[in-house]
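Take a moment to look over the sequence and the fold. The paragraphs below walk through them step by step.

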Amino acid sequence: GSGRITQEESFTSNPLTMLYEKSSKTVFTWLSGTNLGNEKYYDWDATTNSYVLSEEYTHTYDTKVNPLQMGMEAILLGDLVTAAVNNLTKSVYVDATDPANNETTDIVYTYNSANKPVTATSTTTPGGAVTTASYTYQ
């Protein structure tokens with residue numbers, strides 16, 4: 001296998017029965033290389049005895065080398081997007097319980113002669129929030 005995590009499942013302890021019960025699940029889908037393409041988050045519904053989708057992220061990347069890639073150690077930070085070998089250019093968030101919370105973040109980079117990002121400007125819609133980052137190399 002590729003050694004990439006594809007699913008994480010969480011359980012909680014029931015204080016009455018002292019048994020562990022299903023709580024939530026996250027499913028990860030990977031693109032070629034080590035870019036995280038999709039994250040689906042599910043909550044356990046004890047009434048239906050099944051997982052119910054609560055939210056989803058879909059990610060798109062450029063083809064340039066990400067200077068901040070952390071590899072699979074990004075699992076420890078809880079942010080597998082930082083494991084990507086390429087630079088994140090778009091992230092689409094879908095709230096399965098309330099579509100009014102859906103948003104898209106687009107990121108545009110400028111690059112130096114070594115094809116590394118010098119600046120990144122992210123714009124989130126709806127709302128139009130803009131964030132700018134600068135990268136410095138030694």
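What follows goes from the overall fold to single residues and then to a pocket.

Start with what kind of model this is. It is predicted. The protein has one helix and eight strands. Along the sequence they come in the order β-β-β-β-α-β-β-β-β. The radius of gyration is 18 Å, well over the 14 Å that the globule rule gives for 138 residues, so the protein is more spread out than a compact globule. The box that holds the C-alpha atoms tells its own part of the story. Along the principal axes, that box is roughly 60 × 35 × 25 Å.

Next, consider surface and interior. Of the 138 residues, 28% count as buried. The protein exposes about 8700 Å². Carbon and sulfur atoms supply 54% of that area. Contacts give another view of the fold. Take those with a separation of 6 or more: 29% of them join residues 24 or more positions apart.

Now turn to single residues in the strands. Begin with H59, which sits in strand β4. Is H59 buried or exposed? Its relative accessibility is 6%, and buried means under 20%, so H59 counts as buried. Which residues does H59 touch, beyond those up to four places away in sequence? They are L31, L36, G37, N38, E39, V81, L88, K90 and S91.

From H59, move on to T104. The two are 45 residues apart in sequence, yet their C-alpha atoms are 9.9 Å apart in space. T104 belongs to strand β6. With 18% relative accessibility, T104 also falls under the 20% cut-off and therefore counts as buried. Leaving out residues up to four places away in sequence, T104 touches K90, S91, V92, T123, T124 and T125. K90 and S91 appear in the contacts of H59 and again in those of T104.

N87 is the next stop, in strand β5. N87 is buried, at 3% relative accessibility. Its neighbours within four places in sequence are set aside here. Beyond them, N87 is in contact with T60, Y61, D62, K64, V65, N66, P67, Y109, Y111 and P117.

Leave the strands for the loops. M70 lies in the loop between β4 and α1, the helix at 74-77. M70 is partly exposed, because its relative accessibility of 35% lies between the 20% and 50% cut-offs. M70 and L80 are 10 residues apart along the chain, and their C-alpha atoms are separated by 8.7 Å. Residues up to four places away in sequence do not count in the next list. M70 touches L77, T82 and A83.

Some loop residues have notable backbone angles. Where does M18 lie? It is in the loop between β1 (7-13) and β2 (20-30). Phi of M18 is near 60 degrees, a positive value in a residue other than glycine. M18 has a relative accessibility of 61%, over the 50% cut-off, so it counts as exposed. N115 has a positive phi too, of about 65 degrees, and it is not a glycine either. N115 is found in the loop between β6 and β7. Its relative accessible area is 41%, and N115 is partly exposed.

One loop holds a cis peptide bond. The bond runs from T125 to P126, with omega near 0 degrees. P126 is in the loop between β7 and β8. T125, on the other side of that bond, is among the residues that T104 touches.

Finish with the largest pocket. Its volume is about 350 Å³. How many residues line it? There are 21, and V81, L88, I107, Y109 and Y135 lie nearest the centre. Five strands give two or more residues each to the lining: β4 (50-65), β5 (86-95), β6 (103-111), β7 (117-125) and β8 (129-134). Which of these gives the largest share? It is β7, with four residues. By class, the lining has 12 nonpolar, eight polar and one charged residues.

The pocket also links back to earlier stops. V81 and L88, near its centre, are among the residues that H59 touches. Y109, also listed nearest the centre, is one of the contacts of N87.

Definitions and conventions:
Residues numbered from 1 in each chain as written. Predicted model: local features only at pLDDT ≥ 70, side-chain atom pairs only at ≥ 80, totals over all residues. Heavy atoms only, no water. 1 Å grid on protein atoms, 1.4 Å probe; cavity = no way out; pocket = protein on both sides within 12 Å on 5 of 7 lines; lining within 4 Å. Points joined across faces, edges and corners; volume = space filled by probe spheres on them. Nonpolar A, V, L, I, M, F, W, Y, C, P; charged D, E, K, R; others polar. Buried < 20%, exposed > 50% of the residue type's maximum accessible area, 1.4 Å probe, protein only. Rg over C-alpha atoms; globule rule 2.2 N^0.38 Å. Contact = heavy atoms within 4.5 Å. Areas by Shrake-Rupley, 256 points an atom, 1.4 Å probe, with all protein chains shown as cover.
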